[in-house]
Amino acid sequence: MVTREQLIKRGLWAYETGQLRAAARVAFIVLPMTALCLIETRDRALCSLIAGTLLIGSIGLRWLNRDGRVAASAGLRAGLIPLGAGLILDHFGTKCALGIDPVFCTLCASAAGAWAGLYLRATLAKHSNGTRAQRIMLLLAMSSVGALAAALGCVRLGLVGLGATLASLILVPAVSALGERFAQT
């Protein structure tokens, strides 16, 4: 005969396993992004590290709660913009570095990061029904996932290109949220 405690344990196990399976579906998006990063022969170890962190973080967020699912999905969508821009810039052989020549590359990387940041800000505005702390946590989670996804494409642009992209992606929604906060007072 099955006791009540055993039924509760089985039910919780089934629930958590189902939640983990649903969260792990994000691998169908992250693995092709990883393949794009790994196609290049240079920086494969860094690509693997970023991709592993992105996959584990996305699965963990999606498993956590509804806001985590929103954050992981929005971050991955936003990260596709700089990822694509980084791949296109790399295809044409541009490198972002300190100096006069690579200004175009750095501006393009910054613009892609800013575009992704604006997308994150719009997503945050759409899901703004929580407290201020919940909104800040949602913005941080979205920005983190977006930054990792963007890094998969921008890692081959060099440190300056990657830094410009990530700074734009993280600062644009944060500054926009602060500006909106001050406009309300």
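Tutor: Buried means under 20% relative accessible area, exposed means over 50%, and partly exposed lies in between. The model is predicted, and the values below are computed from it.

Student: Why is Ala24 called partly exposed?

Tutor: The relative accessibility of Ala24 is 31%. Partly exposed is the class between under 20% and over 50%, so Ala24 at 31% counts as partly exposed. Ala24 is placed in helix H1, residues 4–24. In space Ala24 lies 8.1 Å from Arg62, C-alpha to C-alpha, with their positions 38 residues apart in sequence.

Student: What makes Gly113 buried or exposed?

Tutor: Gly113 has 0% relative accessibility. The limit for buried is under 20%, so Gly113 counts as buried. Helix H5, residues 103–126, holds Gly113. The C-alpha atoms of Gly113 and Ala150 are 7.9 Å apart, while the two residues are 37 apart in sequence.

Student: How many of the chain's residues are buried, as a percentage?

Tutor: Of the 185 residues in the protein chain, 36% are buried.

Student: How many helices and strands does the protein chain have?

Tutor: The protein chain has seven helices and zero strands. Along the sequence this reads α-α-α-α-α-α-α.

Student: What makes the nonpolar surface patch, and why does Ile136 qualify for a patch by accessibility?

Tutor: Ile136, Met137 and Leu140 make the nonpolar patch, of about 300 Å². Ile136 is in helix H6 and has 40% relative accessibility. Patch residues need over 30%, so Ile136 at 40% passes that cut-off. On the buried-to-exposed scale, Ile136 counts as partly exposed.

Student: Which residues line the second largest pocket?

Tutor: The lining consists of Leu61, Leu64, Asn65, Asp67, Gly68, Ala71, Gln134, Met137, Leu138, Leu140 and Ala141. Two or more lining residues come from each of helix H3 (44–64), helix H4 (66–91) and helix H6 (132–154). H6 gives the largest share, five residues. The space in this pocket is about 160 Å³.

Student: How do you know which class each lining residue of the second largest pocket belongs to?

Tutor: Leu, Met and Ala count as nonpolar, Asp as charged, and Gly as polar. The lining has seven nonpolar, three polar and one charged residues. Asp67 is in the lining, and Asp is a charged type, so Asp67 is the charged residue. Gly68 also lines the pocket and counts as polar, because Gly is among the others that are neither nonpolar nor charged.

Technical notes:
Residues are numbered from 1 along each chain as its sequence is written. This is a predicted model: local features need pLDDT of at least 70, side-chain atom pairs count only at pLDDT 80 or more; totals for chains, interfaces and linings use all residues. Side-chain values use heavy atoms; hydrogens and water are left out. On a 1 Å grid over the protein atoms alone, a cavity is a set of points where a 1.4 Å probe fits but cannot get out, and a pocket is an open set with protein on both sides within 12 Å along at least five of seven lines; lining residues have an atom within 4 Å of a point. Grid points are joined across faces, edges and corners, and a volume is the space filled by probe spheres set on the points. Helices (H or I, at least four residues) and strands (E, at least two) are DSSP runs, numbered from the N terminus. Patches are made of residues with over 30% relative accessible area and no salt bridge: like charges are joined within 9 Å, nonpolar side chains (Val, Leu, Ile, Met, Phe, Trp, Tyr) within 5 Å. Accessible areas come from the Shrake-Rupley method with a 1.4 Å probe; for residues, only the protein chains shown count as cover. A salt bridge is a side-chain nitrogen of Lys or Arg within 4 Å of a carboxyl oxygen of Asp or Glu. Buried means under 20% relative accessible area, exposed over 50%, partly exposed in between (1.4 Å probe, protein chains only).
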